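Me: Got a minute to go through this structure with me? I'd like to hop between a few topics.

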Amino acid sequence: MAGRTYYAPTGGLPPQTDLITDRAVFTEAYAVIPRREFSDIVASYLPFWDKTRCWVIARPLSGFAETFSQYVMEVQPGGGSDQPEPDADAEGVLFVVEGEITVTVDGAAHRLTPGGYAFLPPASGWTLRNDSTAAARFHWVRKAYEYVEGIDVPDPIFANENDIAPTPMPDTDGKWATTRFVDPSDLRHDMHVTIVTFKPGGIIPFPETHVMEHGLYVLEGQAVYRLNQDWVEVQAGDYMWLRAFCPQACYSGGPGDFRYLLYKDVNRHAKLGGF
Ligand SMILES: NC(=O)N[C@H](N)C(=O)O
């Protein structure tokens, strides 16, 4: 799996000479945030985080019952947090796209580099530092954990995608594969963050239409993505936010692999009545 690349935004502003034409879209069913929208203008600073800024790229919006938020975090050398997560019920997944971070849980320090993944259960008391000499950039997906009586809360997980063999989708000749950090049938988990890889020519050959929400951050490559009734061109660094039931399909564009980080809510009953 050598040679993977991970697009990481670095902020700044498009030059004043740029045309405004862009691929940004916001509809009831989906949003597309092109990579150049990760500008200084929309960066935020978070309470109890040092030398850190972030781009909030997804959050629950309305009575449509969205489940998750997603940030791209940028932590400068010496920065980090001893109280990163304010919500005791929030579980988190971190995925590193640039630099190095050290995440500590239960007294054990874990160094994560590009391709590095961490699952952090609610109330785990994790902390994070960038002890390196360069900026670190990583995704942080947050969700309120849905406790089930009789089912344990999952343990922390630390992994790197480069150590995991992707699982090919059946009958695709290996052109569509998913790298999983969690066993899909493990009912302790109510969300999955995976990496979806399409070889050139790989496609989703039908408009998947399902109740799960998605956040898709394009790590590498380019494609034409079907979102609801629209075809949208996407490239490394772009983000797609999909509400429940938004039909989705794609043609990967080559010449290299098209890969994205995918959030999905799973393994829980649909709530009946209210949100
Ligand atoms: N857009 C996607 O990649 N969707 C996945 N196939 C999924 O829902 O698992």
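**Cysteines, cores and a pocket**

Reply: Sure. This is a predicted model, and a search of the whole structure turns up zero disulfides.

Me: Why is there no bond for cysteine 246?

Reply: Distance. The closest cysteine sulfur to that of cysteine 246 is the one in cysteine 250, and at 13 Å it is too far for a bond. A disulfide needs the two sulfur atoms within 2.5 Å.

Me: And is cysteine 246 buried or exposed?

Reply: Cysteine 246 counts as buried because its relative accessibility is 2%. Cysteine 250 is buried as well, at 1%.

Me: OK, new topic. Which residues touch the most other members of the largest nonpolar core?

Reply: Phe95, Tyr117, Leu219 and Tyr239, in a core of 28 residues. The elements that each supply at least two residues of this core include β3 (50-58), β4 (68-81), β5 (90-98) and β8 (116-120). Also among them are β14, β16, β19 (239-242) and β21.

Me: What does tyrosine 117 touch?

Reply: Leaving out residues up to four places away in sequence, tyrosine 117 touches Val93, Leu94, Phe95, Leu112, Ile157, Phe158, Ala159, Phe181, Val182 and Val193.

Me: What's in the second core?

Reply: That one is separate and has 22 residues, including Ala223, Tyr225, Leu227 and Phe258.

Me: Switching again: where is histidine 189?

Reply: Histidine 189 sits in the loop between β13 and β14.

Me: Buried or exposed, that histidine 189?

Reply: Buried: the relative accessible area of histidine 189 is 2%, so it falls under the 20% cut-off.

Me: Which residues is histidine 189 in contact with?

Reply: Setting aside neighbours within four places in sequence, histidine 189 is in contact with Phe119, Pro154, Ile157, Val182, Val266, Asn267 and Arg268.

Me: Last one, pockets. How much space lies in the second largest pocket?

Reply: About 280 Å³. The pocket is lined by 19 residues, and the closest to its centre are Thr178, Val196, Glu208, Leu262 and Lys264.

Me: Which elements give two or more residues to that lining?

Reply: For the second largest pocket, they are β13 (176-179), β14 (191-198), β15 (203-208), β16 (214-220) and β21 (258-265). Of these, β14, β16 and β21 also each supply at least two residues of the largest nonpolar core.

Me: How do the lining residues divide into nonpolar, polar and charged?

Reply: The lining of the second largest pocket has 10 nonpolar residues, six polar and three charged.

Notes: Residues numbered from 1 in each chain as written. Predicted model: local features only at pLDDT ≥ 70, side-chain atom pairs only at ≥ 80, totals over all residues. Heavy atoms only, no water. 1 Å grid on protein atoms, 1.4 Å probe; cavity = no way out; pocket = protein on both sides within 12 Å on 5 of 7 lines; lining within 4 Å. Points joined across faces, edges and corners; volume = space filled by probe spheres on them. Helix = DSSP H or I, 4+ residues; strand = E, 2+ residues; numbered from the N terminus. Nonpolar A, V, L, I, M, F, W, Y, C, P; charged D, E, K, R; others polar. Buried < 20%, exposed > 50% of the residue type's maximum accessible area, 1.4 Å probe, protein only. Core = buried A, V, L, I, M, F, W, Y, C linked by side-chain atoms within 4.5 Å. Contact = heavy atoms within 4.5 Å.
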